[in-house]
Amino acid sequence: MTKFSDLNLDPKVLKAIVDAGYESPTPIQEGAIPPALEGRDVLGIAQTGTGKTASFTLPMITLLAKGRARARMPRSLVLCPTRELAAQVAENFDTYTKYHKLTKALLIGGVSFKEQDKLIDKGVDVLIATPGRLLDHVERGKLLLTGVQVMVVDEADRMLDMGFIPDIERIFGLTPFTRQTLFFSATMAPEIERITNTFLSNPARVEVARQATSSENIEQVVMMFKGSRKDREASEKRKALRMLIDNEAEKCTNAIIFCNRKMDVDTVAKSLKKHGYDAAPIHGDLDQSQRTKTLDAFRDGSLRFLIASDVAARGLDVPAVSHVFNYDVPSHAEDYVHRIGRTGRAGRDGKAMMICVPRDEKNFDAIEKLIQKTITRIDNPMQTSDTLDEAPAAEQGEKPKRTRTRTPRKSAAPKVETAQVEAAPIEAAQAEPPKPHDAKSDAPKAVPHTREPKAQTNTHTNAQPKPQAQKEARGRSGNNNNRSRGGGGGDNKVVGMGDHMPGFIAMSFDERRTG
Ligand code: AMP
């Protein structure tokens, strides 16, 4: 078995790895670290949970250990799709640079430019950024990317989902041709393939098996669920979720509960709280300080249930999540892989439980096809008339469910089974068509800013950024700062972490160590 000490990493990095408690490199680390240390470009096809962050941070630190940062000219750059992921990469650097004197800056929306400018002015070894905020700094003339020796693109498939590809192309163009590129993506959509063909030079391609197919340590089950009546489905589904949780009571130390829509994230969180569960929501419409607070509480174990949308949960690294509940079947099979990858991390056992309503069966089939596995069906204990009758009462006081006025009268007929069979598919098709990737509408909204696009409707398969996003991206040329901003907000108007920004974000490594 390969050991970290076989990989030619800097001795101080090895010491930090020992402190982190890692025994041996993960497959992506074993595959990516050696070519990265040789100065080669790397194309890593791996998901979160595989140890991919360390697969680029460890060689970067080793390479950057020699040399000094110059003012306004960072020596390396890591691009991340979301603030949470960027903050997490920054934390990784803190962990692995504890015996080095390297400096870093984190450029994300929601943090004041002034603090970030100060760090950049001093000169940083590592710059971790979301694409929009990075380009803002460049356009303000505060940052030069001509000194970048190593550039990392993390979670490129999410960048694509969020419409960042034009920004990424532009950033590539601002860095020296001679830079080394470490490029990571969970999937290789044609657009991603095009980018790698254009900007990577003879990369070492390192692919680790899809997490869902390889993670034998994640037990996957699904409950096929039908509401007794259309107007009761939502409350009964929430009850079904509670039953799933209760059945796992002893084993479920903490869990992430995924919903497809932000509205449902809020409703499910509220409902669970009302029923005495320790739960809080996280999605892109929440204030950044609130998101940070919730994530911190979940990480330190003081919050048991995190109700999340896909994008908000991106980059969330909580190694000890015992369960993932899919309250909804994700509309993109790949999101299922991402979601369940939140449990069973770093070799631990995990359990993923999903509720599937009739209208989601098509998406469910797509998931089984993707993971090439049959997910174990479990019984729905609520499918008795007794429990069904109790369901709405249990939810008393909650917001009225969405009613569908189109429901034909006959759907309320006493023969419940017949009514469901007739009504559900029609309604599913007409009242709630398959949504575009809802998670995208969850891109950080707190920044009224055209640079961190939100509400894209492109999909993995039809992945071109929307024309508007392309237009915006094209409009950002050179130092021309005349681009239009959506929503009438001023250029620097940012809403976000404010005073609640976690301290480590604005600190250099040195400050953090001594502080
Ligand atoms: P990532 O895929 O980068 O999000 O990492 C997933 C988790 O695995 C993080 O909690 C890391 O701290 C952890 N990790 C990374 N490398 C190793 C390793 N070699 N051994 C054990 N855990 C690791």
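Trainee: What share of the contacts in the protein with a separation of 6 or more comes from residues 24 or more positions apart?

Mentor: Keep in mind that this is a predicted model. Count contacts in the protein with a separation of 6 or more, then pick out the pairs 24 or more positions apart. Their share is 77%.

Trainee: What percentage of the 515 residues is buried?

Mentor: Buried means under 20% relative accessible area. The protein has 515 residues to test against that cut-off. The buried part comes to 58%.

Trainee: Which element gives the most to the largest nonpolar core?

Mentor: This core has 39 residues, and Leu9, Leu58, Met60, Val78, Ile128 and Leu182 touch the most other members. Elements that give two or more residues include α1 (11-20), α3 (52-64), α4 (83-96) and β6 (180-185). With seven residues, the top contributor is α4.

Trainee: Which residues does Met60 touch, not counting those up to four places away in sequence?

Mentor: Met60 is one of the core residues that touch the most other members. Leave out residues up to four places away in sequence. The remaining partners of Met60 are Ser76, Val78, Phe93, Val126, Val150, Val152 and Leu182.

Trainee: How many residues are in the other core that lies apart from it?

Mentor: Leu107, Ala129, Leu143 and Leu145 are among its members. The count for this core is 34 residues.

Trainee: Is Ser271 buried or exposed?

Mentor: Ser271 sits in helix α12 (residues 262-274). Its C-alpha atom is 7.5 Å from that of Arg238, 33 residues apart along the chain. The relative accessibility of Ser271 is 2%, so Ser271 counts as buried.

Conventions: Residues numbered from 1 in each chain as written. Predicted model: local features only at pLDDT ≥ 70, side-chain atom pairs only at ≥ 80, totals over all residues. Heavy atoms only, no water. Buried < 20%, exposed > 50% of the residue type's maximum accessible area, 1.4 Å probe, protein only. Contact = heavy atoms within 4.5 Å. Core = buried A, V, L, I, M, F, W, Y, C linked by side-chain atoms within 4.5 Å. Helix = DSSP H or I, 4+ residues; strand = E, 2+ residues; numbered from the N terminus.
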